[in-house]
Amino acid sequence: MGRGRPRLGTYGHRQLNHGRPVNSPPSRALRWSGQIVSTRWGHSNAMAQGTVQVTHTGTSRWRRRTGEYASLAAALEAAGDGDVLTVAPGTYRENLVVQRAVTLRGPEGTVGSVRIAPVDGVALTVRASAVLQDLHIEGQDTASPALLVEDGTPELVGLRIVTRSAVGIEVRAAARPTVRRCTVDNPAGVGIGVLEGAGGLFEECEVVAAGQSGVSVRGGAHPRLERCRIHHTSGAGLSVNGEGSGLEAVGCEVYEVKGSGVQVAARGSAHLTDCTVHRTSADGVTLDTDAVLTLSDCDIHDIPENAIDLRSRAVLTLTRSTVRRFGRNGLSVWDPGTRVDANQCEIHDSTGDYPAVWVSDGATAVLEACRVHDVPDALFVLDRGSRVDVVDSDLSQVRNTAVSVSDGATAQLDDCRIREAATGAWFRDHGSGGTLSGCTIDGAQTGVIVTKGADPRMERCTVTSPAEAGFYVSAEGRGTFHGCRVTGSSGYGFHVIDGCRTTLTRCRTERCARGGYEFAEDGPLVEDCTSDESGVRPPAPEVPAVLTATQTTGLLGAVPGQRATAPATAPLPDAEPVRTPKAVLGELDALVGLESVKREVRALTDMIEIGRRRQEAGLKAASVRRHLVFTGSPGTGKTTVARLYGEILASLAVLERGHLVEVSRVDLVGEHIGSTAIRTQEAFDRARGGVLFIDEAYALSPEDSGRDFGKEAIDTLVKLMEDHREAVVVIVAGYTAEMERFLSVNPGVASRFSRTITFSDYEPEELLRIVEQQAEEHEYRLAAGTGEALLKYFTALPKGPAFGNGRTARQTFESMVERHAGRVARFTEMNTDDLTLLYPEDLPELP
């Protein structure tokens, strides 16, 4: 092409190449150095383009024609292996194909200034071991990838793909790229796709948005990810699908995804090391259909559903990893052939009411040197063929049952420690069994329960300080107990009833309040069992200290009843200084919204105050029932108002302390007859002098109650409220419709509550005020327009069952702070405004 005057672009001036107009003739030095200067003209409707400088690294001056070229594609065609193409800033609306081992890059110091943005098709295709650096790639074709790597071992460095394509970066066939510090923003499709046997290394890359999976591996591909971040995806964060497909990830983070964090299926495999998965909308990790996954030193947390769910012969190996803050199961294992092997792992802090480890339908779980704690239930294994093996592990702070075995399942525990559980182990029904060997159970309500024909074996197990019984067998339960020991029981050591065919050999009890052994007439087979009978009971007829099989009936001839003792209560902590009613009401008034609630509380407070003053004046005071019903959605401030109400009553000397004790169904309802009344009494005792706040109280009377023990909790509570009407204020709370049903179930309940206070949902303006308060408290500010954007966001936000009102506002602020940090962290320099101002772009996406 000649060196005539080039056309002017829409910038209104001639394009420059290193300060020289491109229509000037190249210098002699430029021509003879082997450089090629090309000008990108583009289509007639394209933006003005920059220039492309191609630097020849060879020694031959005549290897190719020098001169200027009409397009970037032409420059690529003219360049040879090893050449460097430096692209001047501009927008290039071409579909580029790189077929030689060249270097294609933007000018130094102008990252993102070169935009490759065709109107359709694949924006950039790489078929050689080229180097691509500091380019901004945009694609608009929902049927094509924005960047396609088909062959070679190219290096992609510092690319930013902002697109609405089928895939942001797609790697296929024999390609093995090295991708470093690249960013993919593709809200219309997959972030990164690797398929058809391809591989590659992705280092410090980030998928900031994806309309489907963040990273999708299929068709026998096998990439490796190192220190990558995948977030805000509408599908899975990492997806591996298909036989031969595999993924290795090291030091990666997956979060804010609407699907599963990691999904492996259909004979796919993955190995994650030192990775974090959190804040997903679905399960944290999902395995299905012969999938294989290894997690080493990983952290799975803040998952609303199952932290890890696997089924259909999937296999998971979990090593030195943590699973925490999950809404359903920490580990959910289903189906024959499905297996989990966990070693040196920790599962804790459940946020729901489900077992931490669930094994069913013939699956297997092995836990070695693991810790499970702060959960509703630790291990549930059910269905014939299902099995758990637990070795040298700790199960502690379990609100209900540490180990539950039912429906023909099997559990084997060796050298394990169970502490602070309502029930240590419960073998529930016929065919359920297994072995507990060398285990200790400390501080449980009941150590081991065997019911309905279950037949486990206990060897050298010790139960210390149970509140009710060490070992409890009923309803034709069986079981073999060898070398077991119970010490410090508040009830019996061994309690076997209903003609259960149980065998006890070489067992011992010490310091059991009601007695070491309690058997029915056709009691168990007992051999070489001993009891200290060390003065913990009133005198009883003398019985032998050593029992044999021929002495079982005589042992129970005159077992005395339980010694009457005062209920033990924990010492009360030192009371905090009581604030004045005015100070507490001031804090109530400072809460956002809740105007009707404030009026109700003030009216109630005024009545109590005037009644107290009338009494001081020798006048009759109207009787005021102080128990309340709070109705409304979650996050509307019910718990906060209950706390302040207790403080107000304490400041008026109506309550001694005014502290708040918050409980729910799991804290009140036991698992067998008699335990519910004990739990309810204990909760009431903890609340003496203050407020007992029962959240989701309607759960105590489910619609399909059957033989549910919730009614026992209600009956016990009603009696305690009557007997100790001045000692405790009871507030029951929950959704409006469910609480109306709850109050109608038991007339005695409804009659003891003076009034119902309804907590309305917050309006968008009130949610905005909460965000503003949070921002002020944490030293942030809302930039111009952010308040209006928040109002629109809260107006459009779906108000489903999971909507948390004030909690949602706080979570929105937290998400904004996180997105702000991700945005500002890329600044090389930042001022106070950069560090404090929150903009509309920091708002999270609507779910």
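Which residues make a nonpolar surface patch of about 250 Å²? Okay, before I answer, a quick reminder that we're looking at a predicted model. The patch is made by Phe827, Met830 and Leu835. Let's take Phe827 from that trio. You'll find Phe827 in the loop between helix H14, residues 806–824, and helix H15, residues 832–836. Phe827 has a relative accessible area of 31%, so we call it partly exposed.

Right, on to the cysteines. How many disulfides does a search of the whole structure find? Zero. Quick refresher: a disulfide is a covalent bond between the sulfur atoms of two cysteines. Now have a look at Cys507 and Cys529. Starting from Cys507, the closest cysteine sulfur is the one in Cys529, and the gap is 4.4 Å, which is too far for a bond. Start from Cys529 instead and you land back on Cys507, again at 4.4 Å. The cut-off here is 2.5 Å between the sulfurs, so this pair doesn't count as a disulfide. And are these two buried or exposed? Cys507 is buried, at a relative accessible area of 1%, and Cys529 is buried too, at 0%.

Last stop, helix H8. This one runs over residues 675–686, so that's 12 residues. From the first C-alpha to the last, H8 reaches 17 Å, close to the 16 Å expected at 1.5 Å a residue. Which of its residues are buried? In H8 those are Ser675, Thr676, Arg679, Thr680, Ala683, Phe684 and Asp685. Have a go at finding them in the structure, and that's me done.

Terms used:
Residues numbered from 1 in each chain as written. Predicted model: local features only at pLDDT ≥ 70, side-chain atom pairs only at ≥ 80, totals over all residues. Heavy atoms only, no water. Buried < 20%, exposed > 50% of the residue type's maximum accessible area, 1.4 Å probe, protein only. Patch = residues over 30% accessible without salt bridge, like charges linked within 9 Å, V, L, I, M, F, W, Y side chains within 5 Å. Areas by Shrake-Rupley, 256 points an atom, 1.4 Å probe, with all protein chains shown as cover. Salt bridge = Lys/Arg side-chain N within 4 Å of Asp/Glu carboxyl O. Helix = DSSP H or I, 4+ residues; strand = E, 2+ residues; numbered from the N terminus. Expected span 1.5 Å × (residues − 1).
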